[in-house]
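I open this notebook to record, step by step, what I looked up in the structure. My entries follow the order in which I turned from one topic to the next.

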Amino acid sequence: MNKILTVGLACLFVTACSGNKEETAVAAVVEQEMTWDVVGEVFYNEFIPCTAGPDFSAATVDAMVTEWRAGGLAPDLLGAWGYAPASDQNEFPNGWWEVSWPSKEAADAVWAQWAENEEAQAWSAKYQSVMACDVPSKYGWDFKFYRAPDSFGPTPESGEFASAYIGCSFNEGKGFEDLEASIDLYNAWLDGLDPESTSFYAYGIYPARAETETNGVDYFWGNFHESFETMKAGGEGFQATGAEVQAAFDATATCVNPDVYDSKVFYDPTNPDFS
């Protein structure tokens, strides 16, 4: 899938969760009150796989997104992002959209509303030939920032960024306390970088939930960079000076090669222009 498809990935779910005008007004108030003071909070994030349909094109996706935007946003929605594979070496060939909620209960409530919303069902059916999303196969993960996501500046104005997801399994006798100790070392390393030579970078941890089938993955580490060029430069810098931190990570968990994605913000409550 190309980048334009990912626009619809996040939009599909949010449209389906649209409520009445009163709910939309509540959402507007929530948008105004949201801040990026999110470090240490635990969110519930869902990933839904999607593939292009026979009528997929830039024009049909644009029509779908326009109609979605006219429907409003679920008040509990805390963010939405789209991902299109940037490598044929990724574990999964499909794209994803990710949505963030304050809890699983909040997400489940919105999904239940979606199932009863005739307009949402009609919208979904109308655009089924544009893209198909495998909702029953969605994955739910906890999510936590261990560092302010804007500590190296805001997301690019376009909303586009590069991401890498790394699946990790704890080594014998290791757990999240060990991971958090390694993260403390990593944050200290990040603090030592020259702010004049850095660009947007954020990361977050997705711990596995008991009800999610993870194939042995205990957590995903998500890296989010301004571009693949800055991702490469950041990796080279870490290799050159972050050996102590890497050793701590290696002692804690065994991780696979990252899956990389062209990515974009589709809803940011602190910057609704991305919605």
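Entry on the strands. I looked up strand β7, residues 201-207, and found that β7 pairs with β8 in the antiparallel sense over 7 bridges; at one place along this pairing, Pro207 stands opposite Tyr219 in β8. I note here that what I am reading is a predicted model. I then looked for another partner of β8, and found that β6 and β8 also pair in the antiparallel sense, over 7 bridges, with Gly167 having Phe220 in β8 as its bridge partner. Is β8 mostly covered, or is it mostly open? I found that 6 of the 7 residues of β8 are buried, and I wrote the strand down as mostly covered.

Entry on helix α8. I went on to α8, residues 243-252, where Val245, Ala248, Phe249 and Thr252 are buried. Why do I place these residues on the same side of α8? They cover an arc of only 95° around the axis, and therefore they sit on the same side of the helix. On the face turned away from this buried side I found Ala243 and Glu244, which are exposed. I also looked up what covers the buried residues of α8, and the cover includes the strands β6 (160-170), β8 (219-225) and β9 (253-255), together with the helices α6 and α7 (228-241).

Entry on Asn187. Since α6 had come up, I picked a residue from this helix, which spans residues 176-191, and chose Asn187. Is Asn187 buried or exposed? Its relative accessibility is 13%, and because buried means under 20%, Asn187 counts as buried. When I left aside its neighbours within four places in sequence, I found Asn187 in contact with Tyr146, Arg147 and Tyr203.

Entry on the largest nonpolar core. I found 23 residues in this core, of which Ile48, Leu77, Trp97, Val99, Trp101 and Cys133 touch the most other members. The elements that give two or more residues to the core are β1, β3, α4, α5, β4 and β10, and the largest share, 4 residues, comes from α4.

Entry on the whole chain. I closed with the overall values: the chain has 8 helices and 10 strands, and 47% of its 275 residues count as buried. Among contacts between residues at least 6 apart in sequence, 85% join residues at least 24 apart. The accessible surface comes to about 13,500 Å², and 52% of that surface belongs to carbon and sulfur atoms.

Key
Residues are numbered from 1 along each chain as its sequence is written. This is a predicted model: local features need pLDDT of at least 70, side-chain atom pairs count only at pLDDT 80 or more; totals for chains, interfaces and linings use all residues. Side-chain values use heavy atoms; hydrogens and water are left out. Buried means under 20% relative accessible area, exposed over 50%, partly exposed in between (1.4 Å probe, protein chains only). Contact means heavy atoms within 4.5 Å. Accessible areas come from the Shrake-Rupley method with a 1.4 Å probe; for residues, only the protein chains shown count as cover. The arc is that of the directions from the helix axis to the C-beta atoms. A nonpolar core is a set of buried Ala, Val, Leu, Ile, Met, Phe, Trp, Tyr and Cys residues joined through side-chain atoms within 4.5 Å. Two strands pair if DSSP finds at least two bridges between them.
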